[in-house]
Amino acid sequence: MSENTLIFVYNADSGLINEMKDYVHKIVSPSTYGCNLCAITYGNTGIKAEWKSFVDDLGIPVKFLHKDEFYEKYGEKESSFPCAYLENSNKLDLFISSDEINNCSTLEELMSLVTLKVNELLGN
């Protein structure tokens, strides 16, 4: 049986230069930063420990991709970012929409949303 994998996709591109630009943008003008997933789950020194622990204990494999990495691996999909997909047997389904992630204003709200969706998936 294939295992589900949760794939979070940031609304940001990969690479050191992009990471540096994003880092400065989040500090200088956080209200205009384009990736709420990054803004909520990362602090000034990296990924938040609470989020990392949460993801590690979720009970489902999780991957994180930047949007350019996502396009390279899966091709163009009709979606806005950030979002999360569920992959199973090379089938990709939107699992958490950009609107749902962008409606979260705290890490706790995001973790509650993810918990609810994963529990529905796992039948808990």
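This report describes two serines, the cysteines, the aromatic pairs and the last part of a predicted model.

## Two serines, Ser79 and Ser98

Ser79 sits in the loop that runs between helix 4 (67-74) and strand 5 (83-88), and with a relative accessibility of 22% this residue counts as partly exposed, because the buried class ends under 20%. Once neighbours within four places in sequence are set aside, the contacts of Ser79 are with Tyr85 and Leu94. The second of these partners, Leu94, is 15 residues away from Ser79 in sequence, while the two C-alpha atoms are 8.2 Å apart in space.

Ser98 belongs to helix 5 (residues 98-102) and, in contrast to the partly exposed Ser79, is buried, with a relative accessible area of 6%. Not counting residues up to four places away in sequence, Ser98 touches Ser80, Phe81, Pro82 and Cys83. One of these residues, Phe81, also offers its backbone oxygen, which the side chain of Ser98 reaches at 3.5 Å. Between Ser98 and Ala84, which are 14 residues apart along the chain, the C-alpha separation is 8.0 Å.

## Cysteines

How many disulfides does a search of the whole structure find? The search returns 0 disulfides. A disulfide is a covalent bond between the sulfur atoms of two cysteines. Cys83, which is among the residues that Ser98 touches, is buried, with a relative accessible area of 0%, and Cys104 likewise counts as buried, at 7% relative accessibility.

## Aromatic pairs

A pair of aromatic rings is described by the distance of the centres and the angle of the planes. The count for this model comes to 11 aromatic pairs. One of them joins Phe70 and Tyr74 in a tilted arrangement, with 5.2 Å from centre to centre and 40 degrees between the planes. Both residues lie in helix 4, where Phe70 and Tyr74 are 4 residues apart, about one turn of the helix, and both are buried.

Tyr71 and Phe81 form another pair, which is edge-to-face, with 5.6 Å between the centres and 80 degrees between the planes. Because Tyr71 lies in helix 4 and Phe81 in the loop between helix 4 and strand 5, this pair ties together parts that are 10 residues apart in sequence. The two partners fall into separate accessibility classes, since Tyr71 counts as partly exposed at 28% relative accessibility, whereas Phe81 counts as buried at 8%. Elsewhere, ring pairs link Phe8, Tyr10, Tyr42, Trp51, Phe54 and Phe64 into a cluster.

## Helix 6

Helix 6 (residues 107-122) has 16 residues, which at 1.5 Å a residue should span 22 Å, and the end C-alpha atoms are 22 Å apart, in agreement with that expectation. Its buried residues are Leu107, Leu110, Met111, Leu113, Val114, Lys117 and Val118. Why are they placed on the same side of helix 6? They cover an arc of only 160 degrees around the axis, and therefore share that side. An α-helix has 3.6 residues a turn, so residues three or four places apart point the same way.

The elements against which the buried residues of helix 6 pack are strand 1 (5-10), helix 2 (36-41), helix 3 (49-56), strand 6 (91-96) and helix 5. Among these partners, helix 5 is also the element that holds Ser98. After helix 6 comes Gly123, whose phi is positive, near 75 degrees.

Methods:
Residues numbered from 1 in each chain as written. Predicted model: local features only at pLDDT ≥ 70, side-chain atom pairs only at ≥ 80, totals over all residues. Heavy atoms only, no water. Buried < 20%, exposed > 50% of the residue type's maximum accessible area, 1.4 Å probe, protein only. Contact = heavy atoms within 4.5 Å. Polar contact = N/O pair within 3.5 Å; in protein donor to acceptor, adjacent residues only side chain to side chain. Disulfide = S-S within 2.5 Å. Phe/Tyr/Trp six-rings, centres within 6.5 Å; stacked < 30°, edge-to-face > 60°. Expected span 1.5 Å × (residues − 1). Arc of directions from axis to C-beta.
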